[in-house]
Amino acid sequence: ALVISGNLVVRWASLPIPPGVIINGVVLSPGGLATVMRQLLKKVEAGRSRPLVSLGGLHPLVRTLTMPRLKRSLTAEAVQREMQRELPSPIGHYNISWQPLKSSKTETTVYALAVPNVELEGYMAAFKQAQVKPKSISLEALVVASALESNDAIVIGLNEEPGSKTP
(Lines give C-alpha, C1' and ligand atoms only; values in the text may rest on other atoms or scores of the structure.)
Protein backbone atom coordinates (compact mmCIF):
# COMPACT_ATOMS: atom_id res chain seq x y z
CA ALA A 1 0.00 0.00 0.00
CA LEU A 2 1.15 3.52 -0.80
CA VAL A 3 -0.13 6.78 0.61
CA ILE A 4 0.56 9.62 -1.81
CA SER A 5 0.29 13.33 -1.07
CA GLY A 6 1.00 15.66 -3.96
CA ASN A 7 3.70 13.91 -5.96
CA LEU A 8 5.31 12.29 -2.92
CA VAL A 9 4.89 8.85 -1.40
CA VAL A 10 4.44 9.69 2.29
CA ARG A 11 3.90 6.16 3.65
CA TRP A 12 4.13 2.66 2.25
CA ALA A 13 4.03 -0.89 3.49
CA SER A 14 3.56 -4.41 2.24
CA LEU A 15 2.22 -7.61 3.75
CA PRO A 16 2.25 -11.09 2.27
CA ILE A 17 -1.05 -12.62 1.27
CA PRO A 18 -1.13 -16.04 2.94
CA PRO A 19 -0.86 -19.11 0.70
CA GLY A 20 -4.20 -20.37 -0.53
CA VAL A 21 -6.03 -17.02 -0.27
CA ILE A 22 -5.58 -16.34 -4.01
CA ILE A 23 -4.91 -19.19 -6.43
CA ASN A 24 -4.51 -18.66 -10.18
CA GLY A 25 -5.98 -15.16 -9.88
CA VAL A 26 -9.13 -16.33 -8.05
CA VAL A 27 -9.76 -15.29 -4.43
CA LEU A 28 -10.60 -18.49 -2.56
CA SER A 29 -10.69 -16.84 0.87
CA PRO A 30 -12.32 -13.39 0.80
CA GLY A 31 -12.09 -13.27 4.61
CA GLY A 32 -8.35 -13.92 4.49
CA LEU A 33 -7.85 -11.19 1.91
CA ALA A 34 -10.06 -8.79 3.92
CA THR A 35 -7.87 -9.36 6.97
CA VAL A 36 -4.73 -8.51 4.98
CA MET A 37 -6.36 -5.34 3.58
CA ARG A 38 -7.41 -4.15 7.06
CA GLN A 39 -3.91 -4.82 8.47
CA LEU A 40 -2.25 -3.09 5.54
CA LEU A 41 -4.41 0.04 5.76
CA LYS A 42 -3.79 0.19 9.52
CA LYS A 43 -0.05 -0.17 8.95
CA VAL A 44 0.03 2.82 6.57
CA GLU A 45 -2.45 4.79 8.72
CA ALA A 46 -4.94 5.11 5.87
CA GLY A 47 -8.73 5.07 5.87
CA ARG A 48 -10.84 2.50 4.06
CA SER A 49 -12.67 5.01 1.90
CA ARG A 50 -11.77 5.63 -1.71
CA PRO A 51 -8.42 3.84 -2.24
CA LEU A 52 -7.21 3.08 -5.76
CA VAL A 53 -6.90 -0.71 -5.92
CA SER A 54 -4.63 -2.60 -8.28
CA LEU A 55 -5.33 -6.24 -9.04
CA GLY A 56 -2.51 -8.41 -10.29
CA GLY A 57 -2.89 -11.93 -11.58
CA LEU A 58 -6.10 -11.30 -13.50
CA HIS A 59 -6.60 -12.76 -16.94
CA PRO A 60 -8.22 -9.93 -18.90
CA LEU A 61 -8.90 -9.69 -22.58
CA VAL A 62 -7.62 -6.26 -23.64
CA ARG A 63 -8.43 -4.62 -26.95
CA THR A 64 -7.99 -1.25 -28.59
CA LEU A 65 -11.07 -0.68 -30.72
CA THR A 66 -11.54 1.93 -33.42
CA MET A 67 -15.14 2.62 -34.35
CA PRO A 68 -17.28 5.36 -35.87
CA ARG A 69 -17.74 8.33 -33.55
CA LEU A 70 -21.01 7.91 -31.66
CA LYS A 71 -22.80 9.31 -28.62
CA ARG A 72 -21.34 7.86 -25.40
CA SER A 73 -24.34 5.59 -24.77
CA LEU A 74 -24.10 4.19 -28.31
CA THR A 75 -20.34 3.78 -27.96
CA ALA A 76 -20.95 1.66 -24.84
CA GLU A 77 -23.27 -0.61 -26.86
CA ALA A 78 -20.76 -0.82 -29.71
CA VAL A 79 -17.94 -1.76 -27.31
CA GLN A 80 -20.12 -4.50 -25.82
CA ARG A 81 -20.87 -5.90 -29.30
CA GLU A 82 -17.21 -5.79 -30.38
CA MET A 83 -16.01 -7.43 -27.17
CA GLN A 84 -18.64 -10.19 -27.48
CA ARG A 85 -17.08 -11.16 -30.81
CA GLU A 86 -13.70 -11.57 -29.09
CA LEU A 87 -14.79 -13.47 -25.98
CA PRO A 88 -14.73 -17.27 -25.74
CA SER A 89 -17.91 -17.42 -23.60
CA PRO A 90 -21.07 -15.28 -23.18
CA ILE A 91 -20.50 -11.61 -22.38
CA GLY A 92 -22.51 -12.01 -19.16
CA HIS A 93 -19.55 -13.96 -17.72
CA TYR A 94 -17.34 -10.83 -17.93
CA ASN A 95 -17.03 -7.39 -16.46
CA ILE A 96 -16.44 -5.03 -19.40
CA SER A 97 -14.72 -1.68 -18.84
CA TRP A 98 -13.66 0.83 -21.42
CA GLN A 99 -12.45 4.37 -21.83
CA PRO A 100 -11.92 6.58 -24.86
CA LEU A 101 -8.32 7.10 -25.91
CA LYS A 102 -8.80 9.56 -28.76
CA SER A 103 -11.49 10.90 -31.05
CA SER A 104 -11.59 12.58 -34.40
CA LYS A 105 -14.57 14.02 -36.24
CA THR A 106 -15.37 10.60 -37.69
CA GLU A 107 -14.05 7.94 -35.33
CA THR A 108 -13.25 7.07 -31.72
CA THR A 109 -10.55 4.78 -30.40
CA VAL A 110 -11.29 3.10 -27.06
CA TYR A 111 -9.33 0.91 -24.67
CA ALA A 112 -11.56 -2.03 -23.69
CA LEU A 113 -10.99 -4.62 -21.01
CA ALA A 114 -12.96 -7.80 -20.21
CA VAL A 115 -12.26 -9.58 -16.91
CA PRO A 116 -14.00 -12.86 -16.04
CA ASN A 117 -16.56 -12.29 -13.26
CA VAL A 118 -15.25 -15.35 -11.41
CA GLU A 119 -11.94 -13.50 -10.95
CA LEU A 120 -13.62 -10.37 -9.57
CA GLU A 121 -16.25 -11.89 -7.25
CA GLY A 122 -13.82 -12.88 -4.48
CA TYR A 123 -12.15 -9.46 -4.52
CA MET A 124 -15.54 -7.74 -4.26
CA ALA A 125 -16.50 -9.96 -1.32
CA ALA A 126 -13.18 -9.17 0.38
CA PHE A 127 -13.71 -5.40 -0.07
CA LYS A 128 -17.14 -5.72 1.51
CA GLN A 129 -15.82 -7.76 4.47
CA ALA A 130 -12.94 -5.31 5.01
CA GLN A 131 -15.34 -2.36 4.63
CA VAL A 132 -13.09 -0.95 1.90
CA LYS A 133 -14.85 1.22 -0.68
CA PRO A 134 -12.47 1.53 -3.65
CA LYS A 135 -12.47 4.71 -5.72
CA SER A 136 -11.33 2.57 -8.63
CA ILE A 137 -10.20 -0.97 -9.36
CA SER A 138 -7.73 -1.41 -12.20
CA LEU A 139 -4.85 -3.42 -13.47
CA GLU A 140 -1.60 -2.67 -11.68
CA ALA A 141 0.06 -0.32 -14.18
CA LEU A 142 -3.12 1.72 -14.67
CA VAL A 143 -3.55 2.33 -10.93
CA VAL A 144 -0.03 3.67 -10.55
CA ALA A 145 -0.59 6.02 -13.49
CA SER A 146 -3.88 7.25 -11.96
CA ALA A 147 -2.26 7.78 -8.57
CA LEU A 148 0.48 9.91 -10.09
CA GLU A 149 -2.16 12.15 -11.70
CA SER A 150 -3.97 12.58 -8.37
CA ASN A 151 -3.03 15.06 -5.64
CA ASP A 152 -3.70 12.57 -2.85
CA ALA A 153 -4.17 8.84 -3.17
CA ILE A 154 -4.08 5.57 -1.31
CA VAL A 155 -2.98 2.68 -3.52
CA ILE A 156 -3.54 -0.93 -2.50
CA GLY A 157 -1.90 -3.62 -4.63
CA LEU A 158 -3.43 -7.08 -4.25
CA ASN A 159 -1.19 -9.65 -5.84
CA GLU A 160 -0.89 -13.39 -5.49
CA GLU A 161 2.21 -14.56 -3.68
CA PRO A 162 4.84 -16.12 -5.99
CA GLY A 163 4.55 -19.87 -6.09
CA SER A 164 0.85 -19.97 -5.17
CA LYS A 165 -0.31 -20.94 -8.64
CA THR A 166 -1.31 -24.47 -9.36
CA PRO A 167 -0.26 -26.21 -12.58
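This section describes helix α2, the strands that cover its buried residues, and the salt bridges of the predicted model.

Helix α2 comprises 15 residues, from 72 to 86, and spans 21 Å between its first and last C-alpha atoms, close to the 21 Å expected at 1.5 Å a residue. Its buried residues are T75, A78, V79 and M83. Viewed down the axis of α2, these buried residues fall within an arc of 130°, so that they line one face of the helix. The face turned away from this buried side carries the exposed residues S73 and R85, and for R85 the relative accessible area is 63%.

The cover over the buried residues of α2 includes three strands, namely β6 (61–68), β7 (94–103) and β8 (107–116). Of these, β8 has eight of its ten residues buried and is therefore largely enclosed by the rest of the structure. Strand β8 pairs with β6 in the antiparallel sense over eight bridges, and in this pairing T64 has Y111 of β8 as its bridge partner. Strand β8 also runs antiparallel to β7, to which it is joined by nine bridges; here the bridge partner of W98 in β8 is A112. With three residues between them, β7 and β8 form a hairpin.

Side chains of opposite charge can pair when their charged atoms come close. Three salt bridges are present in the structure. In one of them, the side chains of E86 and R63 meet with an N to O distance of 3.0 Å. This pair links distant parts of the chain, since E86 belongs to helix α2 and R63 to strand β6, the two being 23 residues apart. Both participants count as partly exposed, E86 at 38% relative accessibility and R63 with a relative accessible area of 30%.

Two further salt bridges involve residues of helix α2. The side chains of R81 and E77 meet at 3.9 Å, N to O, and because R81 and E77 are four residues apart in α2, about one helical turn separates them. E77 is partly exposed, with a relative accessible area of 45%. The salt bridge between E82 and R85 has its closest N and O atoms 3.1 Å apart, and these residues, being three apart in helix α2, are likewise separated by about one helical turn. Within this pair, E82 counts as partly exposed at 28% relative accessibility, whereas R85 is exposed and lies on the face of α2 turned away from its buried side.

How values were computed
Residues are numbered from 1 along each chain as its sequence is written. This is a predicted model: local features need pLDDT of at least 70, side-chain atom pairs count only at pLDDT 80 or more; totals for chains, interfaces and linings use all residues. Side-chain values use heavy atoms; hydrogens and water are left out. The expected span of a helix is 1.5 Å times one less than its number of residues. Buried means under 20% relative accessible area, exposed over 50%, partly exposed in between (1.4 Å probe, protein chains only). The arc is that of the directions from the helix axis to the C-beta atoms. Contact means heavy atoms within 4.5 Å. Two strands pair if DSSP finds at least two bridges between them. A salt bridge is a side-chain nitrogen of Lys or Arg within 4 Å of a carboxyl oxygen of Asp or Glu.
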